[in-house]
Amino acid sequence: MLLILLFSTVVAFFLGALLIRYIHLHEQFSADHDLSGVQKFHAKPVPRVGGVPVMAGLCAGCFLLKYSTGSLLPVLLLISSVPAFGAGLVEDLTKKVGPWPRLLATFVAGGVAFFLIEAGLSRVGIPWVDVLLQQWWLISLVLTVVAVGGVAHAVNIIDGYNGLSGVVAVFIFLAMAYVAFKVQDFELMGICFAMIGAVAGFLFWNFPRGLIFAGDGGAYLVGFMIAEISVLLVQRHVEVSPWFPLLCVIYPVFETVFSMYRRKFLQRRAIGYPDALHLHQVIYKRVVLWMVGSKDAAHLTQRNSLTSPYLWALSSFSVVPAMLFWNNTPVLIGFVLVFIASYIYLYRMIVRFRTPRWMLLRKSARP
């Protein structure tokens with residue numbers, strides 16, 4: 001497992017280095033030149049093809065796992081991820097693929113995995129729903145593709161600041177690797193380590209300097225892999241509670257659900273309408289923005305990177321309990337409810353300019 005981790009890390013690291021070193025050859029297509037959008041918080045054009053080194057690192061780790069175990073699962077999972085990753089990468093290069101086609105592509109990827117590796121939801125911890133899922137494969141298929149697409153899209157939603165979604169993803173994969181170890185599923189454990197290495201190699205260049213972004217390709221790939229490993233863990237091991245993966249991903253998932261509610265019922269806009277009111281953006285504007293000096297590029301990057309640790313801490317409050325109580329459904333449900341209540345409380349406090357004191361740091365002096 002250590003070799004898989006190292007190999008995927010090295011491949012992602014060096015490919016990321018090459019993309020940054022030779023940016024002049026591809027920035028016309030790969031760089032994010034739009035700095036004025038409501039969800040843009042970087043100081044200069046940055047290549048948003050970080051999904052390429054992540055995919056390369058994942059492929060390296062998965063093929064090494066295939067070579068060492070003989071299992072086809074890693075390769076078939078890679079094949080299944082192509083629609084989600086491909087649609088995101090096309091958007092990164094053309095800026096012309098809307099959110100709905102990308103979401104549809106993740107549905108297709110989830111459907112491919114459903115048939116190719118039999119990755120389908122057969123239980124959710126609600127008895128009557130579990131009966132329907134086990135008796136009617138079409139219901140299982142629909143719920144699976146919606147869940148996979150929803151998680152992938154949710155990870156893309158929180159991919160707004162240097163290191164934010166990448167470190168959250170590493171937390172989640174570590175928790176899943178731990179549970180895979182507990183149930184002796186070394187295939188899934190190896191895939192988790194391949195993803196950890198691939199994301200870690202990319203993060204070296206992304207945080208804190210923001211030299212490359214994951215883009216939609218990277219975010220959808222990471223989200224898809226989180227969702228599929230979740231489905232496979234629950235499907236292959238009855239002792240794993242279906243609420244374990246839900247608690248692992250509750251931060252990005254509830255961020256998405258809350259955003260849909262906010263846009264539809266509070267702003268009276270379409271749920272797909274872009275805004276700058278996600279929790280990470282609110283923290284940036286109400287907490288971090290005033291901490292670091294001027295508006296020059298270095299300070300913009302510094303403020304960008306200072307936002308992520310707040311959300312890492314928030315995510316850890318769901319991932320750690322999920323890892324500790326992975327087979328205890330009632331406790332996991334309780335932590336899901338506690339997280340949701342805490343998220344809403346924190347959001348309300350910040351938007352009302354009543355930020356908790358523990359979140360406030362002394363403003364840096366201007367040089």
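This report walks through helix packing, the nonpolar core, the cysteines and some backbone oddities in a predicted model.

**The core**

Let's start inside. The largest nonpolar core has 95 residues, and Phe173, Ile226 and Phe244 are the ones that touch the most other members. Among the helices, α9, spanning residues 186–206, gives the most to this core, with 13 residues.

Take Phe173 and set aside its neighbours within four places in sequence. What is left in contact with Phe173 is Cys192, Met195, Ile196, Val222, Met225, Ile226 and Ile229. Ile226 turns up twice, then: as a contact of Phe173, and as one of the residues that touch the most other core members.

Helix α12, residues 250–266, also has a good list of buried residues. Ile250, Tyr251, Pro252, Phe254 and Phe258 are among them, but so are Glu255, Thr256, Ser259, Arg262 and Arg263.

**Two helices side by side**

Now for a helix pair. In general, two packed helices are described by the angle between their axes and the distance between the axes. Here α13 (residues 279–288) and α15 (residues 329–351) pack at about 35°, and their axes are 10 Å apart. Their crossing is left-handed.

Which residues make the contact? From α13 come Leu279, Val282, Ile283, Arg286 and Val287, and they meet Tyr343, Tyr347, Ile350 and Val351 in α15. By class, that contact has 8 nonpolar residues, no polar ones and 1 charged.

Elsewhere in α15 sits Leu337. Is Leu337 buried or exposed? Leu337 counts as exposed because its relative accessibility is 56%, over the 50% cut-off. Its C-alpha atom lies 27 Å from that of Lys285, with the two positions 52 residues apart along the chain.

**Cysteines without a bridge**

How many disulfides does the structure hold? The number is 0. Cys59 is in no disulfide, and the nearest cysteine sulfur to its own belongs to Cys62, 7.0 Å away. Seen from the other side, the closest cysteine sulfur to that of Cys62 is in Cys59, and 7.0 Å is too far for a bond, because a disulfide needs the sulfurs within 2.5 Å. The surroundings of the two cysteines can be described as well: Cys59 is partly exposed, with a relative accessible area of 23%, whereas Cys62 counts as buried at 1%.

**Backbone oddities**

Most residues other than glycine have a negative phi, and most peptide bonds are trans. Against that background, a few spots are worth a look. The positive phi values go into a table:

| Residue | Phi | Place |
|---|---|---|
| Gln184 | near 60° | loop between α8 (164–182) and α9 |
| Arg268 | about 55° | just after α12 |
| Phe353 | near 60° | segment after α15 |

How do Gln184 and Phe353 stand in terms of exposure? Gln184 counts as partly exposed at 48% relative accessibility, while Phe353, at 64%, counts as exposed.

And where is the cis peptide bond? This bond joins Phe207 and Pro208, and its omega is about 5°. Pro208 lies in the loop between α9 and α10, the latter covering 215–236.

Methods. Residues are numbered from 1 along each chain as its sequence is written. This is a predicted model: local features need pLDDT of at least 70, side-chain atom pairs count only at pLDDT 80 or more; totals for chains, interfaces and linings use all residues. Side-chain values use heavy atoms; hydrogens and water are left out. Axes are lines fitted to C-alpha atoms, for helices over the stretch in contact, and angles run from 0 to 180 degrees between N-to-C directions. Helices (H or I, at least four residues) and strands (E, at least two) are DSSP runs, numbered from the N terminus. A crossing is left-handed if the near helix is turned anticlockwise from the far one by less than a right angle, and right-handed if clockwise. Contact means heavy atoms within 4.5 Å. Ala, Val, Leu, Ile, Met, Phe, Trp, Tyr, Cys and Pro count as nonpolar, Asp, Glu, Lys and Arg as charged, and the others, Gly among them, as polar. Buried means under 20% relative accessible area, exposed over 50%, partly exposed in between (1.4 Å probe, protein chains only). A nonpolar core is a set of buried Ala, Val, Leu, Ile, Met, Phe, Trp, Tyr and Cys residues joined through side-chain atoms within 4.5 Å.
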